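I opened my notebook to go through this structure one topic at a time. Here is what I looked up, in the order I looked.

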Amino acid sequence: MSSEVAVAETVIEVNGVGKSYHMYERPSHRLWQALAGKRKSFYKDFWALRDVSFSIRRGQTVGIVGRNGSGKSTLLQMIAGTLNPTEGSIKVKGRVAALLELGSGFNPEFTGRENVYLNATILGLSRAQIDQRLESILAFADIGEFIDQPVRSYSSGMSVRLAFAVIAHVDADILIIDEALAVGDAFFSQKCMRFLREFQKNGTLLFVSHDAAAVTNLCENAVWLQGGHMRLCGTSQEVVEAYMTEQHVVGRREVGVDDMVVERKQRRLVDEAPDFRQQALLEAGVSNRIAIFQFDPDNVGPEFGARGARIIGVSLIGEDGAALGMVEGGELVRLRIRVELVQALDNLIVGFYVKDRLGQRLFGDNSYFACKDAPVCGMPGECVVASFLFRMPVMPSGSYMIDAAVASGDQHDHTQQHWIHDALEFRAIDETMRFGLLGLPMLAIDVNKEFS
């Protein structure tokens, strides 16, 4: 089999999967059901998951998002083989290692060392293989002398450390992670992320997290579960943005605001960046050129908000107030966002995010603290213009998007009036940096020999 075919091979196939549980009103009904058999039902069916279908190819990293109770953990347990589906089928090829519920698979009365042997054996390693890898497992977990103490005495962070250390050493083909990285200190989380990035080079990763940035950062594709059903399946950026938009709307409804309007549009990608200065800049050898496209209200990403105000313009402008078509990393630029009020609003807050092609938020800000002492208010038909002056970072080559938003209220309690995903696109043309998400303009770099 060629390497290209191997990469394209489907290793997880979920077809019409559903999981039902019997819900009894009284404990005695369980006994009556056992006596009645199939003649009569004393329970109601609760479908935790139903009619879910998708496939994952070898080498893919797929995220699963959804609110608590949406069926994420149930789905992962069925893929891992610890639960059987009520309907449908799941086919998995390769060795699976899963880190699901906190401490799952550990015997609390056993020591950490004994649980390492127990878990690694369940995951398919022989005693000799575990002996050979034990020191590396213990070094990864880094819990010191607690390794010989009962697991019931461990903190949640220590349990995750040990569980992750085991699955990192079992040569799994498929790795399933369910919110485990939310527990533990920052240093261990970074260690786990380094392992996951290395694992991604050859393995298949199924990752569940409420951290939208982690999903867009790690995953190529994502699945959104809602109420036990698959709401959306697509690229991680597309799914996460749609999910976050929906959650904002739901959150406002839960506090009694239900007049949110959601619009989803399929954004057209701009294939070229015409600018009269482009050729001159190329001939001059200017580095890290960034082409900026014009704001087109009919060609943006998903929008949502109560619509008491609407964004009518987003642009990067120069000193003369004209929209820029090209800038360079390190230049001072001004982002201007124009807002038209539809109704009278107090305490307006205008803000933005800059995202990379994966939807990761690189930087952003809003006007709240700048206007805290003199809140901005307005009447219907009036326009408000917010501008943000900053030095454009040095950007790796690729496409970037700016989200623009306007809200009313304060930092913690506000109503989102209009949020536009992908309101403005810009593209870094030159590859002047190889590492990191963005670079800071250096004001000076000096290297001198120090003499004693």
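**Entry 1: naming the elements.** I start with the terms, as I need them to place a loop: helices (H or I, at least four residues) and strands (E, at least two) are DSSP runs, numbered from the N terminus. With that I can put N347 in the loop between β15 (332-341) and β16. I also note for myself that this is a predicted model.

**Entry 2: positive phi.** I looked at N347 for its backbone. Phi of N347 is near 55°, a positive value although the residue is not a glycine. As background, most residues other than glycine have a negative phi. I then checked how covered N347 is: its relative accessibility is 34%, so N347 counts as partly exposed.

D422 also went on my list, with a positive phi of about 55° and again no glycine. I find D422 in strand β20. Its relative accessible area is 9%, and because buried means under 20%, D422 is buried.

**Entry 3: the partners of D422.** What does D422 form a salt bridge with? I found K355, with the closest N and O atoms 3.0 Å apart. The pair links distant parts of the chain: K355 sits in strand β16 (residues 348-355) and D422 in strand β20 (residues 414-428), 67 residues apart. Is K355 buried or exposed? K355 has 2% relative accessibility and therefore counts as buried. I followed the charges further and found E241, K355, D403 and D422 linked in a network of salt bridges.

**Entry 4: other salt bridges.** How many salt bridges does a search of the whole structure find? I wrote down 15. As a reminder to myself, side chains of opposite charge can pair when their charged atoms come close.

One of the 15 joins E9 and K93, whose closest N and O atoms are 3.7 Å apart. This pair links distant parts of the chain, with E9 in the loop between α1 (3-8) and β1, K93 in the loop between β4 (87-92) and β5 (96-99), and the two positions 84 residues apart. I checked the cover of each partner. E9 is partly exposed, with a relative accessible area of 21%, and K93 is partly exposed too, at 46% relative accessibility.

I also looked up D171, which forms a salt bridge with R133 at 2.8 Å between the closest N and O atoms. Here D171 is in the loop between α6 and β6 (174-178), while R133 belongs to helix α5, and the pair, 38 residues apart, links distant parts of the chain. R133 has 17% relative accessibility, so R133 counts as buried.

**Entry 5: helix packing.** R133 took me to helix α5, so I looked at its neighbours because two packed helices are described by the angle between their axes and the distance between the axes. The axes of helix α5 (residues 127-141) and helix α6 (residues 156-167) come within 8 Å and cross at roughly 140°. α5 and α6 are therefore oblique to each other, and α5 passes α6 in a right-handed crossing.

On to helix α4 (residues 112-122): α4 and α5 pack at an angle of about 125°, with their axes 10 Å apart. I put this pair down as oblique as well, so α4 and α5 get that word in my notes. The crossing of α4 past α5 is right-handed.

**Entry 6: a covered helix.** Which residues of α3 are buried? My list reads K72, T74, L75, L76, Q77, M78 and I79. That makes 7 of the 9 residues of helix α3 (residues 72-80), so α3 is largely enclosed by the rest of the structure. G81 follows α3 and has a positive phi, near 95°.

**Entry 7: a nonpolar patch.** I then turned to the surface. Y21, M23 and F46 form a nonpolar patch there, with about 290 Å² of accessible area together. I place M23 in strand β1 (residues 10-23). M23 has 45% relative accessibility and so counts as partly exposed.

**Entry 8: a last pair.** Finally I looked up L316, which lies in strand β13 (residues 309-317). L316 counts as buried because its relative accessibility is 2%. The C-alpha atoms of L316 and R336 are separated by 6.2 Å, and these residues are 20 apart along the chain.

Definitions and conventions:
Residues numbered from 1 in each chain as written. Predicted model: local features only at pLDDT ≥ 70, side-chain atom pairs only at ≥ 80, totals over all residues. Heavy atoms only, no water. Patch = residues over 30% accessible without salt bridge, like charges linked within 9 Å, V, L, I, M, F, W, Y side chains within 5 Å. Areas by Shrake-Rupley, 256 points an atom, 1.4 Å probe, with all protein chains shown as cover. Salt bridge = Lys/Arg side-chain N within 4 Å of Asp/Glu carboxyl O. Buried < 20%, exposed > 50% of the residue type's maximum accessible area, 1.4 Å probe, protein only. Axes fitted to C-alpha atoms, helices over the stretch in contact; angles between N-to-C directions. Parallel < 35°, antiparallel > 145°, perpendicular 65-115°, else oblique. Left-handed = near helix turned anticlockwise from the far one by under 90°.
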